[in-house]
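Biologist: I should be grateful for a close look at the charged side chains of this model, and above all at the salt bridges and the charged patches on the surface. Please set the remaining local features around them in one connected account.

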Amino acid sequence: MTTTTTFRLYLLFSFFVLFAQWSPVLSDLLISKLDRKVDLTSQVVRITATLKLENPGNDQISEVLLPFPDHQAKDLAFLVATTSEGKGKTKTSSSSLPIKVVNPEGLPPSLTWYSVTLLKELGKGQSLTLEVRTAFTHALRPFPEKITQADIQLLVFQESAYYLSPYAVNVQSLSVKLPEPKVESYTKLENTKFSGSEIKYGPYENLPPFSYSPIAVHFVSNKPFAVAQELVREIEISHWGNVQITEHYNLVNAGATSIGEFSRLEYQARPHLRGASSFRHLVAKLPPRAHSIYYRDEIGNISTSNIWGDSSKTLLEIEPRYPMFGGWRTSFTIGYGLPLKDYLFRAEGKRFLNISFGCPMDEVVVDNLVVKVILPEGSKDISVSVPFSVKESRETKFSHLDMIGRPVVALEKTNAVPEHNQYFQVYYRFSNLSLLREPMMLISGFFFLFVACIVYMHADLTISKSSPSYLAKLQWDEVQSALQQIQSIMNHCLGIHDKLEASLRDLSRTGDVQACKAARKSADNMLKELSKDMKPLLSFLQSSPLAVSSYSKVEELVAKEKELQEKLIVKHTTVTDSYEKKSGGRDIENRIAPIQQKITALRQEVDDLLEVIDEI
């Protein structure tokens, strides 16, 4: 143990010794026999104290005080007290007794006091058996606080061998159950016995009020120290037949912090030796009819999970992406659906949800648990019934097709342990007519969409035919049409030019001069016809005010094409005459070379002008 812890225990012990000398007698209540059992087999320390109470005095006793040191009370997660009668199989227990925090006068401020109210007053000479069950989180401290992958995990538990009580105790004993029979050290007092995995202290007799004897147990424990620093459970109710559960975990291994390098090879080869304090998987106990189960994190879906179950439960085994050593963290989300009829009921004109509160993983401690119940839009007159104290608040959530939002009941609980996984109820009123709100919104939306389409298809949305903008648009359309026709004529002319060139190639191959002349005559006729078709289009463009900029380009195009025709005719005539005079090939090429250069340049200019007009 650390020096600070030892000094704190010493001061506390000295304080109780001094206080026991002057503390007033609270009542005539006497504890004739007391047995305590401490369970250290998990990270949650569970203590069960069985007290046989007697009233030797004359006054009626209606409450029993339970003190806890402040350093212990801050870790107190669960406290319940019941009375029991009979022994063995005939033993019966009452329901939980009312417990509240009190501040008795004249008692030390370093104690937190709880008052247990008895179902009926304890009269003179009467006795009863009171069973007090407590659960503490973070009561086990790793020592040493840092270990390597190959080390085992050692924990320290501190307590008092004597039960801290404001009442005298005739006989008491204490047993501490360990997870395994391996102990580094433990406090040895009178009547101390260590057997197997259990340490027994006592019996001790005739102890005055506020007796205190600190003990410490330093033992081996490789149990998972899975702690959810925050768990947000969202329970969304849909009256269309489903309850959707979504759980967001922020998990950490709160055991001894792992230091040094991590070797996955050694871990996989000998996980019980090279990672004994880590854990690889967790098991969530879900309701039997859970469906649509998923397990994912920020990266995406995690496939390392298994599901199996029976008629009473569904078990979801999840495995994080990496083994969880001390101090390592991970975040993930679990989601599943439940049938509505199994959890939503009616009573006294109200609907109520009856579902479990806590974390479905038994081995997980939750530092801060937030349960959000998302009710259907339109719910009102909302009330909550939880079997333990929680912090309640209200929110509003907007989802698809919501108009005013869905009411959300937020319940917050710190230090949540498996004992808190009890059923709670959320009551509310909801009109069946509200169920039709979203379907009617969809139907109305599609109806108005179709009406708008019908109106659009039958409505005349064109601009007035007498407006200047409409007339200008018609004139521009006519200009565009004329330009397209001119382009078509020009492309046809260029095609005729290509045919003339092809006739010359045939002449050089066959030597048929007459066929070449016939091709030229045919081309002349077709070009004349195209020229006639071009004249009215040019006249229109010249007269149209919208074609002022384009007409100059068209005029230039016509001139260039005319010049190209002339050069082609000259070339064609020169070649045919040379063939008739039987001139040599070299002589023919020399005569037409300058003409061919001019033809090539003109053809390029015509193509460029056609592209400009096409852009217009």
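Modeller: The account below begins with the basis of the model, moves through the charged side chains and closes with the nonpolar surface and the backbone.

The model is predicted, so local features are reported only at pLDDT of at least 70 and side-chain atom pairs only at pLDDT 80 or more, while totals for chains, interfaces and linings use all residues. Residues are numbered from 1 along each chain as its sequence is written, and side-chain values use heavy atoms, with hydrogens and water left out.

The structure holds 22 salt bridges, a salt bridge being a side-chain nitrogen of Lys or Arg within 4 Å of a carboxyl oxygen of Asp or Glu. One of them joins the side chains of glutamate 419 and arginine 46, at 2.5 Å from N to O. Glutamate 419 lies in the loop between strand 30 and strand 31 (423–429), and arginine 46 lies in strand 2, so this pair ties together parts that are 373 residues apart in sequence. Helices (H or I, at least four residues) and strands (E, at least two) are DSSP runs, numbered from the N terminus. Arginine 46 counts as partly exposed because its relative accessibility is 22%; the classes are buried for under 20% relative accessible area, exposed for over 50%, and partly exposed in between, with a 1.4 Å probe and protein chains only.

Two further bridges may be described in the same terms. In the pair of glutamate 180 and lysine 182, the closest N and O atoms are 3.8 Å apart, and glutamate 180 is partly exposed, with a relative accessible area of 22%. The side chains of lysine 313 and aspartate 310 meet at 3.1 Å, N to O. Lysine 313 is partly exposed at 23% relative accessibility, and aspartate 310 is partly exposed at 40%. Beyond these pairs, Lys74, Asp75 and Arg141 are linked in a network of salt bridges.

Which charged side chain is buried yet has no salt bridge? Arginine 520 is such a residue, and the nearest side chain of opposite charge, aspartate 524, is 4.9 Å away. For charge, Lys and Arg count as positive and Asp and Glu as negative, whereas His and the chain ends are not counted. Arginine 520 is found in helix 6, and its side chain makes a polar contact of 2.8 Å with the side chain of threonine 573. A polar contact is a pair of N or O atoms within 3.5 Å; within protein, one must be able to donate a hydrogen and the other to accept it, and residues adjacent in sequence count only if both atoms are side-chain atoms.

Helix 6 (residues 513–543) also gives the most to the positive surface patch, with 3 residues. That patch is formed by Lys528, Lys532, Lys535 and Lys562. Patches are made of residues with over 30% relative accessible area and no salt bridge, like charges being joined within 9 Å and nonpolar side chains (Val, Leu, Ile, Met, Phe, Trp, Tyr) within 5 Å. The place of a charge is taken as NZ of Lys, CZ of Arg, CG of Asp or CD of Glu. Lysine 562 is found in helix 7 (residues 548–580) and counts as partly exposed, at 45% relative accessibility.

A negative surface patch is formed by Asp608, Glu611, Asp614 and Glu615. Aspartate 608 lies in helix 8 (residues 585–615), and with 35% relative accessibility this residue counts as partly exposed.

The surface also carries a nonpolar patch of about 780 Å², whose members include Leu401, Met403, Ile404 and Phe450. Accessible areas come from the Shrake-Rupley method with a 1.4 Å probe, and for residues only the protein chains shown count as cover. Isoleucine 404 sits in the loop between strand 29 (391–397) and strand 30 (406–416) and is exposed, at 58% relative accessibility.

Finally, the backbone has several local features. The peptide bond from phenylalanine 143 to proline 144 is cis, with omega near 10°, and proline 144 is found in the loop between strand 9 (141–142) and strand 10 (146–147). Another cis peptide bond joins glycine 202 and proline 203, with omega about 10°; proline 203 is found in strand 15 (residues 198–207). Strand 15 also holds asparagine 206, which has a positive phi of about 50° although it is not a glycine.
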